[in-house]
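Good morning, and thank you for making time for this presentation. Please have the sequence and the model open as I speak.

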Amino acid sequence: MASHRRPKQPSRTRVTVLTTAAAAAVALSSQAANAAPSQKPSKDEVKAKVDKLYEEAEQATEKYNGAKEKQEKLQKEVSTIQDNVARGQEDLNALRDGLGSMASAQYRSGGIDPSLQLFLSADPDDYLDKASTLDQLSGQQVEALKKIQEKQRELSQQRSEASEKLKDLSATRTELGNKKKQVQGKLSEAQKLLNTLTAQERAALKKEEQRANRTSERDALTGAGTPASGRAAAAFAAAQSKIGTPYVYGATGPSSFDCSGLTSWAYAQAGVGIPRTSEAQTGAGTRISSMGDLQVGDLVFFFNDLHHVGLYAGNGQVLHAPRTGTVVRYESMSTIGGPFMFGVRV
């Protein structure tokens, strides 16, 4: 017979659990549907992030400049050593030819001295160390052998030095490539952020920057002090002639500059050579600790790691190449983004 038992009903506990789970799912779906979309960063937030990236790019730029300067110096040193080695080899060949001529003359007059014959087929160092060999040679031959030995040792030392310099040069080139990638990475990231702004937001940022530039220029021109020296005045005038010139990392002018590229170029126009990088420029003269003691044309340094430098323009203003996306301009020292550390009077 077929069973007519009633189906088993779900327990009260199970019904409660299922109901609760369903209610939670509905609540979550409702929250997801009603959740506000993630807010786009404001114009000022984007600017703050971009400014930070530009600062990091400038830090990497100064390290890039240092590696580039080291590479150029090493390349010159290697070239000089290689030229010296080439000339030394020519001198060595001439000395050997001279000794060979002596041997030929001796042969024609009655045969080659056995010790000289032995020398001509091998390294003279093996024979000069043996006193008995020297006893069998003429004074002229001994002098020729000594010169050859000295030249060989000199060439060996120079070749060894060139080899070490070449290793250092290779490592520096690798470092240079890495720093360049760092700079480009920061600039690319900053550009992506700027691209999130609307045309109106970008225009507003540009207007704000132009307004600040005009204020800084007015303050600098109305409050300019006495230049530190004739050379400082000439350097400052050279930098003024480049107002509006674009910032480009690693550039030393005259059509574009980075911060230390501008200061080194400006002083070069005044007939004064100063180092290439901001950090190295801190040793270019007398240090000025107080902002109140600065004079127009003094170098002024910012940030704890000294990665930014400009020329003091008077009245608390600096004339500098700020960062990518800007031009050579006046700016208040209070808005650089990093603390004033000290000045240097070249």
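How much accessible surface does the chain have, and what share of it belongs to carbon and sulfur atoms? The accessible surface comes to about 19,800 Å², and carbon and sulfur atoms hold 51% of it. I should state at the outset that this is a predicted model, and the values I quote are computed from it.

Let me begin with the overall composition. The chain contains ten helices and six strands. Of its 346 residues, 37% are buried. If we take the contacts in the chain with a separation of 6 or more, 69% of them join residues 24 or more positions apart.

I turn now to the pockets. The largest pocket encloses about 860 Å³ of space. Its lining consists of 33 residues, and those closest to the centre are Lys47, Asp51, Glu209, Arg323 and Arg329. Four elements each give two or more residues to this lining: helix 2, spanning 43–108, helix 6, spanning 139–194, helix 7, spanning 199–222, and strand 5, spanning 329–332. Which of the elements gives the most to the lining of the largest pocket? That is helix 7, with nine residues. By class, the lining of the largest pocket comprises ten nonpolar, twelve polar and eleven charged residues.

The second largest pocket has a volume of about 190 Å³. Gln59, Glu62, Lys63, Gly66 and Glu69 are among the residues that line it, and the lining also includes Thr277, Ser278, Glu279, Asp305, Leu306 and His307. Two elements, helix 2 and helix 10 (278–281), give two or more residues to the lining of this second pocket. Helix 2 gives the most, with five residues. The classes here are one nonpolar, five polar and five charged.

From the pockets I move to enclosed space. How many cavities of 30 Å³ or more does the structure hold? There is one, and the volume of the largest cavity is about 40 Å³. Its lining is formed by Tyr54, Ala57, Glu58, Thr61, Leu187, Tyr247, Tyr249, Arg323 and Thr324. Helix 2 provides the largest share of that lining, with four residues. Five of the lining residues are nonpolar, two are polar and two are charged. I would draw your attention to Arg323, which lines the largest cavity and is also one of the residues closest to the centre of the largest pocket.

A brief remark on one residue of helix 6, namely Gln158. Is Gln158 buried or exposed? Its relative accessible area is 15%, and the cut-off for buried is under 20%, so Gln158 counts as buried. Apart from neighbours within four places in sequence, Gln158 is in contact with Ile81, Asn84 and Val85.

Next, the aromatic residues. The structure holds four aromatic pairs, and I shall present two. In the pair of Phe257 and Trp265, the ring centres are 5.3 Å apart and the planes stand at 65 degrees, so the pair is edge-to-face. Phe257 is buried, at 0% relative accessibility, and Trp265 is buried as well, at 15%.

The second pair is that of Phe301 and Phe342, which is tilted, with 5.5 Å from centre to centre and 40 degrees between the planes. Why does this pair tie together parts that are 41 residues apart in sequence? It does so because Phe301 lies in strand 2, residues 299–302, while Phe342 lies in strand 6, residues 340–345. Phe301 is buried, with a relative accessible area of 0%, and Phe342 likewise counts as buried, at 9%.

I close with helix 9, residues 259–269. Nine of the eleven residues in this helix are buried, so helix 9 is largely enclosed by the rest of the structure. The buried residues are Cys259, Ser260, Gly261, Leu262, Thr263, Ser264, Trp265, Ala266 and Tyr267. Trp265, in this list, is the partner of Phe257 in the edge-to-face pair. After helix 9 comes Gly271, which has a positive phi, near 80 degrees.

Thank you for your attention.

Methods. Residues are numbered from 1 along each chain as its sequence is written. This is a predicted model: local features need pLDDT of at least 70, side-chain atom pairs count only at pLDDT 80 or more; totals for chains, interfaces and linings use all residues. Side-chain values use heavy atoms; hydrogens and water are left out. Buried means under 20% relative accessible area, exposed over 50%, partly exposed in between (1.4 Å probe, protein chains only). Contact means heavy atoms within 4.5 Å. Accessible areas come from the Shrake-Rupley method with a 1.4 Å probe; for residues, only the protein chains shown count as cover. On a 1 Å grid over the protein atoms alone, a cavity is a set of points where a 1.4 Å probe fits but cannot get out, and a pocket is an open set with protein on both sides within 12 Å along at least five of seven lines; lining residues have an atom within 4 Å of a point. Grid points are joined across faces, edges and corners, and a volume is the space filled by probe spheres set on the points. Ala, Val, Leu, Ile, Met, Phe, Trp, Tyr, Cys and Pro count as nonpolar, Asp, Glu, Lys and Arg as charged, and the others, Gly among them, as polar. Rings of Phe, Tyr and Trp (its six-membered ring) pair if their centres lie within 6.5 Å; planes under 30 degrees apart count as stacked, over 60 as edge-to-face and the rest as tilted.
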